[in-house]
Amino acid sequence: MMSKLRVGIIGAGSISEMHFEGYAKNEQAEIVAVCDLNEERAREKADKYGAKLVYTDYNELLANPDIDAVSICTWNNSHAPISIAAINAGKHVLVEKPLCKTVEEALAVQEAVRNSDKVLQVGYVRRFAMNTSVLKKFIDAGDLGEIYYAKATCLRVLGNPGGWFSDVERSGGGPVIDLGVHVIDVLWYLMGKPKVKSVSGNAYNRLGNRKNIENYSFYKAADYDAEVNTVEDLANALIRFENGASIALDVSFSVHAKQDEMSVKLYGDKGGAELEPKLEIIGEKHNTILNMTPKIDFPSFDFGAAFRNEVFGFVDASLGKSETRCPVEDGVEMMKILCGIYESSRTGREVVFE
Ligand SMILES: NC(=O)c1ccc[n+]([C@@H]2O[C@H](COP(=O)([O-])OP(=O)(O)OC[C@H]3O[C@@H](n4cnc5c(N)ncnc54)[C@H](O)[C@@H]3O)[C@@H](O)[C@H]2O)c1
């Protein structure tokens with residue numbers, strides 16, 4: 001019988017629960033260790049999921065030769081250092097999105113991975129959703145033809161989670177790096193990962209975190225502190241690719257909109273598609289335009305199932321049974337785009353990649 005993948009989870013906050021759940025459901029994996037700066041938080045998860053070892057210093061967890069793989073679910077500023085240390089310690093790595101905070105960091109992670117025989121998977125969970133997988137089949141079969149335009153909107157009216165999310169030192173940015181990363185990545189993946197040519201963006205900080213708002217509740221990070229807010233609250237961008245395709249984007253934590261909005265759409269020369277708010281495929285037959293609604297269990301992003309597929313994919317890749325769907329190279333290209341949006345906004349100019 002093949003031995004199980006022995007997993008350690010670093011960062012035991014909100015999203016780690018989805019990783020714990022995924023490994024717990026996977027017969028090829030065993031959760032053996034948990035690490036968090038907050039020992040009580042780590043111990044709680046360890047007790048819940050039967051992990052024997054609890055750490056507060058990830059270096060100690062990584063020094064344990066009985067751990068084969070780690071999930072990194074910490075603040076964004078520690079993704080690169082922990083990923084590099086883990087790869088160098090001989091562990092496979094599933095790192096939450098975004099891969100890191102800067103392109104330089106992303107290249108350093110890539111170098112470490114390329115110098116090793118370990119798997120690094122970036123947590124692009126939307127690639128594992130049912131609606132994405134179904135649409136990918138249609139795209140791969142040529143039903144959309146060549147996709148030349150795509151757009152995504154992810155607007156929160158009152159959705160700055162505070163805590164580390166709104167501290168640029170720990171997060172690297174606001175809605176661009178937190179929400180934009182998901183929707184740009186899923187579009188880019190479905191478009192066939194074209195090479196980015198240039199980025200133009202505008203980031204605004206006009207409303208701040210809207211801490212004045214009364215009588216309307218919203219999600220707050222565990223360490224919410226309304227006084228700290230050094231990230232943008234809204235941004236837009238136009239991303240150009242070398243094959244001539246483009247993506248238009250807008251994202252927000254705070255905006256004077258009537259309601260939250262989530263839309264992800266792609267347009268090809270043979271057909272189009274809406275991934276969110278729910279999967280629709282648009283085509284043309286016998287000179288008639290067709291709007292097709294796939295009859296599937298999850299026409300919108302299915303959080304639980306997508307995370308389970310992501311973790312299962314990582315376990316298989318770590319055990320050498322398949323290639324990871326989200327390699328480190330995809331993290332590097334995304335960091336170029338995300339950091340390009342911030343740089344373009346800062347300089348007031350388009351950022352062109354050579
Ligand atoms: N894929 C998704 O849909 C999704 C959703 C939410 C968050 N995330 C990502 O997951 C990560 C964590 O987000 P969260 O919402 O769980 O945050 P969180 O604040 O709830 O949890 C983060 C935890 O990491 C711990 N931590 C931070 N630095 C550490 C270090 N150096 N060593 C050990 N522990 C450390 C903190 O103490 C905290 O318990 C972020 O990168 C975020 O972007 C992804």
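How many nonpolar, polar and charged residues does the shell around the ligand have? The views below begin with that shell.

**View 1. The ligand and its shell.** This is a predicted model, in which local features need pLDDT of at least 70, side-chain atom pairs count only at pLDDT 80 or more, and totals for chains, interfaces and linings use all residues. Residues are numbered from 1 along each chain as its sequence is written. Look for the 26 residues that surround the ligand; a residue is near a molecule if its C-beta atom, placed from the backbone, lies within 6 Å of it. The closest are Gly11, Gly13, Ser14, Ile15 and Glu96. By class, the shell has 12 nonpolar, 9 polar and 5 charged residues. Here Ala, Val, Leu, Ile, Met, Phe, Trp, Tyr, Cys and Pro count as nonpolar, Asp, Glu, Lys and Arg as charged, and the others, Gly among them, as polar.

**View 2. The two domains.** The domain assignment of the chain gives domain 1 (5-124 + 307-325) and domain 2 (127-301 + 334-352); such bounds come from an automatic or database assignment. Their C-alpha centres lie 25 Å apart. Because both domains give residues to the shell around the ligand, the ligand lies between them. An unreviewed UniProt entry lists residues 5-124 as "domain: Gfo/Idh/MocA-like oxidoreductase N-terminal"; annotations of this kind may be inferred rather than shown by experiment. That span is 40% helix and 24% strand, where helices (H or I, at least four residues) and strands (E, at least two) are DSSP runs, numbered from the N terminus.

**View 3. Where the domains touch.** Here 17 residues of domain 1 are in contact with 17 residues of domain 2, contact meaning that C-beta atoms, placed from the backbone, lie within 7 Å. On the domain 1 side, H5 and helix H9 (303-318) are the elements that give two or more residues. H9 gives the most, with 3 residues.

**View 4. Helix H5 beside helix H10.** The axes of H5 (residues 103-114) and H10 (residues 328-347) come within 9 Å and cross at roughly 175°. Axes are lines fitted to C-alpha atoms, for helices over the stretch in contact, and angles run from 0 to 180 degrees between N-to-C directions. That crossing makes H5 roughly antiparallel to H10, a term for angles over 145 degrees. Among the residues making the contact are Val103 and Leu107 of H5 and Val332 and Met335 of H10. The contact residues divide into 9 nonpolar, 2 polar and 2 charged.

Definitions and conventions: Parallel < 35°, antiparallel > 145°, perpendicular 65-115°, else oblique. Contact = placed C-beta atoms within 7 Å.
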